[in-house]
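Visitor: Hey, could you walk me through this one? I'd like to ask things as they come up.
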Amino acid sequence: MRIATWNVNSLNARMPRVEEWLIQAQPDVVCLQETKMADAAFPALAFEALGYESVHHGSGRWNGVAILSRVGLSDPMVGFEPSIEPDTDTRLISATCAGIRVTSVYVPNGRGLDDPHYVYKLSWLKRLREHLEATTSPEVPVVVCGDYNIAPTDIDIWDPAAFAGMTHVSQPEREALQNVMDWGLIDTFRARYPDTPGLYSYWDYTAGHFHKREGMRIDFCLASAPLANLSTLDLVDRNARKGTKPSDHAPVIAEYNYPVGP
DNA sequence: ATGGTAGAGCATCTA
C-alpha cells in the first residue's frame with residue numbers, strides 16, 4: 001500500500017504536474033492540500049480517467065483538501081465530526097480506503113505568534129485530536145496525512161536561528177502536534193531516519209531556498225500502530241519540486257506491507 | 001546561468 005501526501009498549492013495551477021506525477025509515482029492513495037478551489041471545480045473526472053476515485057472539500061480561493069484512491073473509497077466525512085466546533089475553513093476530509101481510515105489535513109499556518117491565526121492553529125490541532133477520538137481508534141489502521149505546518153524538532157528545519165520567534169517551531173505548536181500523535185500516531189519517516197538532517201518537504205519559493213537546500217519537514221504521513229508496524233518505506237519525492245511551475249511542497253510517500261484491494 | 005516567489009484575482013491577502 002503506497003500512500004502519499006502533497007500540498008499542491010492550487011490544483012488548477014498544478015493539475016498537469018499532478019497527473020504526470022500520478023502516472024510516474026503510482027500511489028494507491030493520495031492526500032492533497034491547498035487545492036484552492038470550490039467543490040464544483042474539482043477535476044474528479046480527470047482523476048477517474050487515471051483510475052482514482054476522489055472526494056474533495058473546498059470553498060474557493062484558499063485551503064481545500066482531497067483524497068484520491070484507486071483501492072476503493074467509502075464513508076467520506078468533510079470537516080470535523082459534527083459534535084466538534086465546526087471549522088471555519090475547509091482543511092480536513094476523511095474516507096476509508098481498503099480498510100484504512102485516511103484523513104487529509106491542512107493545518108492552519110498560524111502566520112505569527114501574536115496573530116489570531118496562531119490561536120486558531122492551536123485550537124484546530126486540539127479539534128483534530130477530538131475528531132480522531134470521536135471517529136476512529138488507534139487500534140485499527142489509520143493514516144493522517146498532510147501539511148501540518150509544524151517542524152517537530154530542530155532537525156526538521158535548515159537553520160533554527162532563522163526561525164527564532166516564528167511559527168512552525170514554537171513550543172505550543174510542537175506540544176499540540178505531540179498531543180495529536182499521543183492519540184496513537186507514529187511519524188514513521190523520522191523513525192526510519194532518526195538522526196538524518198536535511199530531509200525536507202517544503203522550501204520557500206523566495207531567495208532560492210530550494211536550490212540551497214534550505215527547507216523544512218512539515219508534511220507527514222502519520223500512521224496508527226497497526227499500519228506503522230507494517231511500514232516499509234518513507235521518502236520525499238524531491239524531483240516533483242524541480243522543473244516548471246512546481247509546488248513549494250514535495251510529495252511525501254509512505255509504503256506499508258498491507259494488502260492492497262478494495 | 002553561477003541567480004532565485006507564487007497563486008488568486010485585480011488590490012491585496014495568503015503562504
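Guide: Sure, one term to start: helices (H or I, at least four residues) and strands (E, at least two) are DSSP runs, numbered from the N terminus. This is a predicted model, where local features need pLDDT of at least 70 and side-chain atom pairs count only at pLDDT 80 or more, while totals for chains, interfaces and linings use all residues. Residues are numbered from 1 along each chain as its sequence is written, chains are lettered from A and ligands numbered from 1 in the order in which they are written, and side-chain values use heavy atoms, with hydrogens and water left out.

Visitor: OK. Where is Ala98?
Guide: Ala98 is in the loop between strand S6 (92-97) and strand S7 (100-106). Its phi is near 55°, a positive value in a residue other than glycine.

Visitor: Is Ala98 buried or exposed?
Guide: Ala98 is buried, at 14% relative accessibility. Buried means under 20% relative accessible area, exposed over 50%, and partly exposed in between (1.4 Å probe, protein chains only).

Visitor: And what is phi for Arg213?
Guide: Near 60°, again a positive value in a residue other than glycine. Arg213 is in the loop between helix H5 (188-192) and strand S10 (219-223), and Arg213 counts as exposed at 56% relative accessibility.

Visitor: Switching topics: how many disulfides?
Guide: The count comes to zero, with a disulfide taken as a pair of cysteine sulfur atoms within 2.5 Å.

Visitor: Why does Cys97 have no bond to Cys31?
Guide: Because the Cys97 sulfur is 7.7 Å from the closest cysteine sulfur, the one in Cys31, and that is too far for a bond. Cys97 is buried at 1% relative accessibility.

Visitor: What about Cys145?
Guide: Its sulfur is 3.6 Å from the closest cysteine sulfur, in Cys221, which is also too far for a bond. Cys145 is buried too, with a relative accessible area of 0%.

Visitor: Now the DNA. Which residues are closest to strand B?
Guide: Ser10, Arg14, Arg111, Tyr205 and Lys245 are the closest of the 19 residues that surround DNA strand B. Near here means that a heavy atom of the residue lies within 4 Å of the strand.

Visitor: Which element gives the largest share of that surface?
Guide: Helix H1 (residues 11-25), with three residues. By class, the surface near DNA strand B has five nonpolar, eight polar and six charged residues. For those classes, Ala, Val, Leu, Ile, Met, Phe, Trp, Tyr, Cys and Pro count as nonpolar, Asp, Glu, Lys and Arg as charged, and the others, Gly among them, as polar.

Visitor: How much of the DNA side is sugar or phosphate?
Guide: Of the strand B atoms within 4 Å of the protein, 64% belong to sugar or phosphate and the rest to bases. A phosphate oxygen of DNA strand B is 2.3 Å from a side-chain N or O atom of Ser10, and for Arg111 that distance is 2.7 Å. For Arg14, a phosphate oxygen is 3.2 Å from a side-chain N or O atom.

Visitor: What does His117 touch?
Guide: Not counting residues up to four places away in sequence, His117 touches Arg91, Pro108, Asn109, Gly110 and Arg111, where contact means heavy atoms within 4.5 Å. His117 is in helix H3 (residues 116-135) and is buried at 9% relative accessibility. A polar atom of its side chain lies 3.0 Å from the backbone nitrogen of Gly110.

Visitor: And where is Asp147 found?
Guide: In strand S8, and Asp147 is buried, with a relative accessible area of 1%. The side chain of Asp147 reaches the backbone nitrogen of Asn149 at 2.9 Å.

Visitor: Last one: which residues have the most contacts inside the largest nonpolar core?
Guide: Ile67, Val143 and Tyr256, in a core of 32 residues. A nonpolar core is a set of buried Ala, Val, Leu, Ile, Met, Phe, Trp, Tyr and Cys residues joined through side-chain atoms within 4.5 Å. A second, separate core of 22 residues includes Val105, Val107, Met181 and Trp183.

How values were computed
A polar contact is a pair of N or O atoms within 3.5 Å; within protein, one must be able to donate a hydrogen and the other to accept it, and residues adjacent in sequence count only if both atoms are side-chain atoms.
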